[in-house]
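Work through the exercises below with the sequence and the 3D structure at hand. Each task is followed by a solution in steps.

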Amino acid sequence: MLEVARIRGGNPIKGSLRASGSKNSALPILAAALLTHETVTLHNVPNLSDVRFMVEILKHQGAKIENPKKGTWTITAEEITHRTPYDLVRKMRASVCLLGALVGRLRQAEMALPGGCIIGIRPIDLHLKGLETLNCIVEVESGVIKVNAEQARGENVFMGGPMGSTVTGTANIIMAATLTPGLTRIESAALEPEISDLCSLLNKMGAKISGHGTPLITIEGVEKLHGCEHTIISDRIETGTYLVAAAITGGDLTVTHCNPQHLTAFLEKLKEVGVNIETSEDTIRAFGQPTQAVEIITEPYPGFPTDLQAQFMALQLKVPGRSTFTEKIYPSRFMHAAELQRMGAEIAIEGSTAAVYGDRPLSGAPVMASDLRASAALILAALAATGETWVQRLYHLDRGYEQFEERLRNLGADIERLPSSAMPKGFAEE
Ligand code: EPZ
């Protein structure tokens, strides 16, 4: 059943909220559990459709999975297959993380090429080049990747590409290298905190990895890995999204159980536009509305995260002057702009830069979510718009935000999740 969010804008977002576990850490870490036949226990796993889908894929591979309590999953991959079918891979790109785990554990993998998605073509050429550098035989025919790692050995692998490093590409090569004989050195490795979280899990499993969080990661191959227990880091993108909800409504929100150090570039930009930010070791407080226009360029970590670009664009709709957003990661990640214009925003797209002319009156309208972060941005804009906004295709939102509308309602928002049949006549998509 298709669901919509109905938002009536104007209420400030106030109070405190506990950050969830990181989606983009949980997904590669769930795949990494296939590297051992022993049980891996994970805590602070977010309850998201992408996570539930990854669990389904692991079950398809043959792993036994339990969910003893909220946020805790145990994975035991005793007997697993090296094949992952297209109908699973095409539904979630992040399933590409299985590649490194299957190559590491089984010395072979057979997986459909993941398709692109609405934010970009999203190739995986760097993943495959990295595996070939490890002396794997990689063949791609009729949309299926076949990897044979019988002769794989540790090598120097360069993971840089035209847009910087690749996050899941780095994760794949690390996972494959943990059980590949010899020393692997990954140069131009991704620096994201989710990569460091994966490496700390793998080291708990007996891997020998050092340098994570720097551009040079070294992995000394070992014979086998064992089970372990691990708590997933907090979700920096979810945290940033809620901080924008407070700033765009002139509210006052404290996010707890988060890591301010994972959001330095983003928090600097919030301060630059005039939002007040207070941090402690594991909390961030945002209060006061933005007053300054801004120039934002998305970059690989620790630069400004592409996953918070749409949300920040919504924020700047409230600010007089011209704010610009240049996408260095996904040059066409501006689907949200057209929908924000339906609410009265004035946005001009020139190549990979969007110029936002803020402080236009925002009025509620029926809008369409297109991808995970764009759907959050539309809801954020609706919180600050006059009147009623209907956001359709909420399934995009559920991929990366746990109980988003419920948690916003608990913080003062007038927001409700309804069946799309509840929309006024003529609003609902056919
Ligand atoms: C991860 O995707 C995240 N997903 C994305 O979050 C995030 O937007 C992205 O990193 C960038 O930060 C997960 O971690 C599950 P990349 P990933 O490989 O690993 C190009 C969200 O909203 N590239 O780092 O797929 C690519 O086209 C999602 O939670 C190649 O050219 O991203 C892009 O321009 C959306 N060849 C850039 O590199 C390759 O082989 C970064 O991609 C791989 C990537």
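**Exercise 1. Find which helices supply at least two residues each to the shell around the ligand, and which gives the largest share.**

Solution. Helices α1 (23-32), α5 (125-133), α6 (167-178) and α12 (372-384) each supply at least two shell residues; helices (H or I, at least four residues) are DSSP runs, numbered from the N terminus. The largest share, three residues, belongs to α5.

Before going on, note how the values arise. The model is predicted, so local features need pLDDT of at least 70 and side-chain atom pairs pLDDT 80 or more, while totals for chains, interfaces and linings use all residues. Residues are numbered from 1 along each chain as its sequence is written, and side-chain values use heavy atoms, without hydrogens and water.

**Exercise 2. Describe the residues around the ligand and place the ligand relative to the domains.**

Solution. Step one: there are 23 residues around the ligand, and Leu126, Thr166, Thr168, Asp307 and Ile329 come nearest; a residue counts as near if one of its heavy atoms lies within 4 Å. Step two: the shell divides into ten nonpolar, six polar and seven charged residues. Here Ala, Val, Leu, Ile, Met, Phe, Trp, Tyr, Cys and Pro count as nonpolar, Asp, Glu, Lys and Arg as charged, and the others, Gly among them, as polar. Step three: domain 1 (3-20 + 234-422) and domain 2 (23-231) both give residues to the shell, so the ligand lies between them. The domain bounds come from an automatic or database domain assignment.

**Exercise 3. State how far polar side-chain atoms of Asn24 and Arg333 lie from oxygen atoms of the ligand.**

Solution. For Asn24 the distance to a ligand oxygen atom is 3.1 Å. For Arg333 it is 3.5 Å. These are polar contacts (pairs of N or O atoms within 3.5 Å). A side-chain N or O atom of Asp125 is 2.7 Å from a nitrogen atom of the ligand.

**Exercise 4. Identify the residues that line the largest cavity.**

Solution. A cavity is a set of points, on a 1 Å grid over the protein atoms alone, where a 1.4 Å probe fits but cannot get out; lining residues have an atom within 4 Å of a point. The lining consists of Arg236, His262, Leu263, Thr264, Ala265, Phe266, Tyr301, Pro302, Gly303 and Pro305. Helix α9 (residues 264-272) gives the most, three residues.

**Exercise 5. Is the peptide bond from Tyr301 to Pro302 cis or trans?**

Solution. That bond is cis, with omega near 5 degrees. Pro302 sits in the loop between β18 (295-298) and α10 (309-316); strands (E) are DSSP runs of at least two residues.

Definitions and conventions. Polar contact = N/O pair within 3.5 Å; in protein donor to acceptor, adjacent residues only side chain to side chain. 1 Å grid on protein atoms, 1.4 Å probe; cavity = no way out; pocket = protein on both sides within 12 Å on 5 of 7 lines; lining within 4 Å.
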